[in-house]
Amino acid sequence: MRKEWIARVIVIFLLAAAIGIPAVGWWKRSQGIVIHARMAETGGWTPENLTVAVGQPLHLRLTSDDVTHSFAIGQSDQPAVEVKPGEMTEVTLTLDHPGKYTFYCTRWCSVNHWRMRGIIEVTGQQTTPEAVEPPLYILLGLDIDGDHDAEVVPAQMPSALRGAQFQNMVAAVYRSREYYQTHSPVELWQALRSEPASQPLADQDVWDLVAWIWQSNITPQELSVGQQLYTANCSACHGETGSGNGVFADLLAQPDTENHSVRQTGQMTIRPADFTDPVHILSASPAHLQGKLLRGGMGTGMPYWGPIFTEDQTWALIAYLWSFQFEMEKLP
Amino acid sequence: MKMIRWLQRAVQFSLPSLAVLALVVIFIPSPAAAAIPTDRTFHIEARRFEYAPATLTINPGDRVTLELTATDVVHGLSIDGYNLEVTADPGQTARLTFVASRQGSFRFRCTVTCGNMHPFMIGKLEVGRNTLLWKGITLLGLALAAGMWRLRK
């Protein structure tokens, strides 16, 4: 009699396991949206458009079909998570404001890596319509597509440390944050050159002064944030040393061959900008660089980072770009 | 005539002498490489699915710095027999410094899944002469000789 009981318990247990285990697996799979990551050439994110109600948690199960990718949301503090082939990465997001969020890949996975983007649309009642201020380059009416070559360049790399000794000769107007953002180093140099106060200075001294003024508008924190952003997002094309020779640079500068007709709009034809070239860089103002960063394009393969970086991040990145032109070691 | 007798005697003692020879091969350290340990830097480009250069030759005791640059997707490098690993994203050169303390020939492999042929992304690190291989070949030769001798008997 007892043996029969044991047999019954065993049968019931095995039956429960046979039904329960697949059921739990099915239940887990139904919890959340599975997103497959592929290289941009073979499809990018699938699905790439998601909709969620405001305040609702969004469970995502991420996996990769080819190489290591990473998932992050633009302009948010959400840390990036790795998406690896053969593994499921689970993320739960709660987006508190209605609107469109861009999610993107943060690990370079091919030359078209930056095209790996998708949209999360958060629906809900907009409580107060936010006044969006257009970026500075639009307010100033800058033509970021135009050629800009510096008429004057320094003979040697300007040094902020050397420039610091002339700091008393600078009028306060040149030292404001606003002046920094809206003027190029060449414009500042020309303005300082025409000032009667700086007449006794040599041309190189004025350049050193420009470097000092630029440095005084940049904090060390900005430089380190900018450096991190640069290494993660820019150096694959613009190169670790900023000289436009990153590992993808040669792919971007494909010579015009017979397969010209195959080329699609927006495909890259121009080498990445060389940040160590003073002719090209010293003639650009921070607002100008920010425009290029936000909108991209310019007939090159430059991605648009507008939906990805916050405004502070763009200024930090631009601050770091100046370190390719100016010696900006810390003042003692 | 004298020659033949000498040979006969040699054959008589050959099995024990072969065994002695085998022990000598196993335990005698190979002539140490006279090279002075130096600092070496290798720049390795990793692309799908190969390393360039794929073979690195160094001397035991060298202080080796590997600079790994990935040119398409994220790649890694780990050396069998050395407990080392490094990962490189495109645009971010990764560096790895170690002292080649173990002699021999070691494979290094990609550690980050980089596509369908990822398991075949392999390179070789040669630290000095591959003594293990040569000892093995000599021992095999001795074993064959012993076998032949047994058969002839």
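Which residue takes a positive phi in the hairpin of strand 5 of chain B and strand 6 of chain B? In this predicted model, B:Gly81 is the residue with a positive phi, near 90°, and the hairpin has five residues between its strands. The report starts from that hairpin, moves through the sheets of chains B and A, and then turns to the pockets.

## The sheet of chain B

Strand 5 (residues 75-79) of chain B pairs with strand 6 of chain B in the antiparallel sense, and four bridges make up the pairing. Within this pairing, B:Leu77 has B:Val86 of strand 6 as its bridge partner. B:Val86 also belongs, with B:Ala88, to the covered face of strand 6 of chain B, whereas B:Glu85 and B:Thr87 make up the uncovered face of that strand.

The hairpin strands are part of an open sheet of five strands in chain B, which follows the order 3-9-8-5-6 and has mixed pairing. Strand 3 (55-58) and strand 6 (85-88) of chain B are its edge strands, each of them pairing on one side only. From one strand to the next, the twist averages 20°. Further into the strand order, strand 8 (residues 104-109) of chain B runs antiparallel to strand 9 (residues 122-127) of chain B, and six bridges join the two. One of the facing positions here is B:Gly104, which stands opposite B:Val127 in strand 9 of chain B.

As for its domains, chain B is divided into domain 1, made of the segments 2-30 + 133-152, and domain 2, which covers 39-128. The C-alpha centres of domain 1 of chain B and domain 2 of chain B are 40 Å apart.

## The sheet of chain A

Chain A also holds an open sheet of five strands, with the order 3-9-8-5-6 and mixed pairing. Here the edge strands, which each pair on one side only, are strand 3 and strand 6 (81-83) of chain A. The twist in this sheet averages 25° from one strand to the next.

Strand 9 of chain A takes part in two of the pairings described here. With strand 3 (residues 49-53) of chain A, strand 9 (residues 117-123) of chain A runs parallel, and five bridges join them. A:Leu50 stands opposite A:Ile120 of strand 9 in chain A, and A:Ala53 has A:Thr123 of strand 9 as its bridge partner. With strand 8 of chain A, strand 9 of chain A runs antiparallel, and six bridges join these two strands. In this pairing, the bridge partner of A:Tyr104 is A:Arg117 of strand 9 in chain A.

## Two pockets lined by chain A

The table sets out the two pockets side by side.

| Pocket | Volume | Nonpolar lining residues | Polar lining residues | Charged lining residues |
|---|---|---|---|---|
| Largest pocket | about 850 Å³ | twelve | 14 | four |
| Second largest pocket | about 650 Å³ | 22 | seven | five |

Beginning with the largest pocket, which holds about 850 Å³ of space, the lining comprises 30 residues, and those closest to the pocket centre are A:Gln75, A:Glu130, A:Val132, A:Glu133 and A:Gly306. Strand 8 (99-105), helix 2 (136-139), helix 10 (286-295) and helix 11 (311-322) of chain A are the elements that each give two or more residues to this lining. Strand 8 of chain A, which is also paired with strand 9 in the sheet, supplies the largest share of the lining of the largest pocket, namely four residues. Domain 1 (33-123) and domain 2 (134-332) of chain A each contribute at least three residues to the lining of the largest pocket.

The second largest pocket, with a volume of about 650 Å³, is lined by 34 residues, and those closest to its centre are A:His238, A:Ala273, A:Met298, A:Thr300 and A:Met302. The elements giving two or more residues to the lining of this second pocket are helix 7 (220-238), helix 9 (278-281), helix 10 and helix 11 of chain A. Helix 7 of chain A provides the largest share, five residues.

Where does the second largest pocket lie with respect to domain 1 (33-123) and domain 2 (134-332) of chain A? Both domains give residues to the lining of the second largest pocket, and therefore this pocket lies between them.

How values were computed:
Residues are numbered from 1 along each chain as its sequence is written. Chains are lettered from A and ligands numbered from 1 in the order in which they are written. This is a predicted model: local features need pLDDT of at least 70, side-chain atom pairs count only at pLDDT 80 or more; totals for chains, interfaces and linings use all residues. Side-chain values use heavy atoms; hydrogens and water are left out. Two strands pair if DSSP finds at least two bridges between them. Axes are lines fitted to C-alpha atoms, for helices over the stretch in contact, and angles run from 0 to 180 degrees between N-to-C directions. On a 1 Å grid over the protein atoms alone, a cavity is a set of points where a 1.4 Å probe fits but cannot get out, and a pocket is an open set with protein on both sides within 12 Å along at least five of seven lines; lining residues have an atom within 4 Å of a point. Grid points are joined across faces, edges and corners, and a volume is the space filled by probe spheres set on the points. Ala, Val, Leu, Ile, Met, Phe, Trp, Tyr, Cys and Pro count as nonpolar, Asp, Glu, Lys and Arg as charged, and the others, Gly among them, as polar. Domain bounds come from an automatic or database domain assignment. Buried means under 20% relative accessible area, exposed over 50%, partly exposed in between (1.4 Å probe, protein chains only).
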